[in-house]
Amino acid sequence: MRTDALVTEKLCAAAQQLRRDVAEMMGAGCCPDAFSAADLLAALYFEKLRYDAKDPHWAERDRLILSKNAFAPLLYAALARAGFFPAEELSTWRQLESQLQGNPDMWLLPGVEATTGSPGQGLSIGLGLALGMRLDQKSSRVYVLLGGDELAEGQVWEAAMAAAGYQLDHLVAIVDCGCAADDLAAKWTAFGWHVIGIDGHDFPAILAAYDEAETVQDRPTVILASTVPGRGLPAERS
């Protein structure tokens with residue numbers, strides 16, 4: 001497990017910046033869901049993912065598919081802070097002709113790997129990308145960030161079954177489960193996935209889970225992250 005204090009400090013600061021960006025973007029309409037996954041996304045963009053913000057279509061990059069629509073402002077903040085576009089553009093969220101629409105649009109915004117919106121779509125898209133990478137003999141990895149509520153969609157489990165059948169060990173699903181994740185582990189295991197359960201706000205645990213997923217062979221990995229909705233909002237600290 002990584003315990004480097006400097007890495008943890010860096011990621012804590014990055015996650016808090018993402019939360020500030022989201023709060024400024026959304027104002028009084030802040031959605032708690034957009035805060036719970038900030039630590040998971042910060043660890044990806046600022047420690048784990050391979051990408052080149054100056055070349056968003058770099059062939060060897062890792063892919064992140066955002067499945068849950070409520071996380072869109074958080075994704076935009078991460079892309080801006082990673083250098084895909086100027087952070088000043090975050091203030092245009094959902095404005096007419098802005099790149100930052102309610103649903104991520106891969107044709108509008110560099111760094112967005114798939115246009116999503118309907119619940120449950122993301123894992124199917126990640127499955128297709130992972131299969132394509134295998135055919136192209138790429139070493140890149142595909143990460144799909146889902147919300148726990150999306151697991152009620154049958155399409156998620158159809159994709160999960162297919163991914164296990166194809167033994168896509170370079171596909172990683174990250175589920176922001178809310179307050180509890182234990183009940184889901186047995187189901188994902190039954191579908192043939194390698195299951196890792198973590199505290200979704202513990203950076204050493206998050207990074208260790210991402211590292212562990214890279215060692216798994218012949219099956220995909222799901223990271224079940226127990227999180228606190230609204231993590232970082234003032235109401236949580238009162």
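Let's start with Ser140, which sits in the loop between helix 5 (122–135) and strand 2 (142–147). Keep in mind that this is a predicted model. With a relative accessibility of 1%, Ser140 counts as buried, because anything under 20% gets that label. Now look at who is around it. Ser140 and Arg61 are 79 residues apart in sequence, yet their C-alpha atoms are 6.0 Å apart in space. Setting aside neighbours within four places in sequence, Ser140 is in contact with Arg50, Ala59, Glu60, Arg61, Asp62, Arg63, Met133 and His170.

Move on to strand 2 itself and you'll find Leu145. Leu145 is buried too, with a relative accessible area of 2%. Again leaving out neighbours within four places in sequence, its contacts include Ala37, Leu41, Leu64, Ile65, Leu66 and Ile174. Ala23 is another story: Leu145 and Ala23 are 122 residues apart in sequence and 20 Å apart in space, C-alpha to C-alpha.

One of those contacts of Leu145, Leu41, is also among the buried residues of helix 3. So how many of the 11 residues of helix 3 (residues 38–48) are buried? The count is 10, so helix 3 is largely enclosed by the rest of the structure. The buried set includes Asp39 and Lys48 as well as Leu40, Tyr45 and Phe46.

For one more buried spot, try Thr221 in strand 5 (residues 221–226). Thr221 has a relative accessible area of 0%, so it is buried. Beyond neighbours within four places in sequence, Thr221 is in contact with Leu171, Val172, Ala173, Trp193, His194, Ile196, Ala213 and Val216.

Helix 6 (residues 154–165) shows two faces. The helix has 12 residues and reaches 17 Å from its first C-alpha to its last, close to the 16 Å expected at 1.5 Å a residue. Its buried residues are Val156, Trp157, Ala159, Ala160, Ala163 and Ala164. Why do these buried residues count as being on the same side of helix 6? They cover an arc of only 160° around the axis, which puts them there. On the other side, Glu158, Met161 and Gly165 are exposed.

Just after helix 6 comes Gln167, with a positive phi of about 55°. Gln167 lies in the loop between helix 6 and strand 3 (171–176). Why is a positive phi worth a second look? Most residues other than glycine have a negative phi. Glu97, in the loop between helix 4 (72–81) and helix 5, also has a positive value. Here are the two side by side:

| Residue | Phi | Relative accessible area | Label |
|---|---|---|---|
| Gln167 | near 55° | 41% | partly exposed |
| Glu97 | near 70° | 77% | exposed |

Finally, check out how two helices meet. The axes of helix 1 (residues 5–26) and helix 8 (residues 203–215) come within 10 Å and cross at roughly 100°. The two helices are therefore roughly perpendicular to each other, since 65 to 115 degrees is the range for that description. From helix 1, Val7, Thr8, Leu11, Cys12 and Ala15 take part, meeting Phe203, Pro204 and Leu207 of helix 8. Sorted by class, this contact has 7 nonpolar residues, 1 polar residue and no charged ones.

Note on methods. Residues numbered from 1 in each chain as written. Predicted model: local features only at pLDDT ≥ 70, side-chain atom pairs only at ≥ 80, totals over all residues. Heavy atoms only, no water. Helix = DSSP H or I, 4+ residues; strand = E, 2+ residues; numbered from the N terminus. Expected span 1.5 Å × (residues − 1). Buried < 20%, exposed > 50% of the residue type's maximum accessible area, 1.4 Å probe, protein only. Arc of directions from axis to C-beta. Axes fitted to C-alpha atoms, helices over the stretch in contact; angles between N-to-C directions. Parallel < 35°, antiparallel > 145°, perpendicular 65-115°, else oblique. Contact = heavy atoms within 4.5 Å. Nonpolar A, V, L, I, M, F, W, Y, C, P; charged D, E, K, R; others polar.
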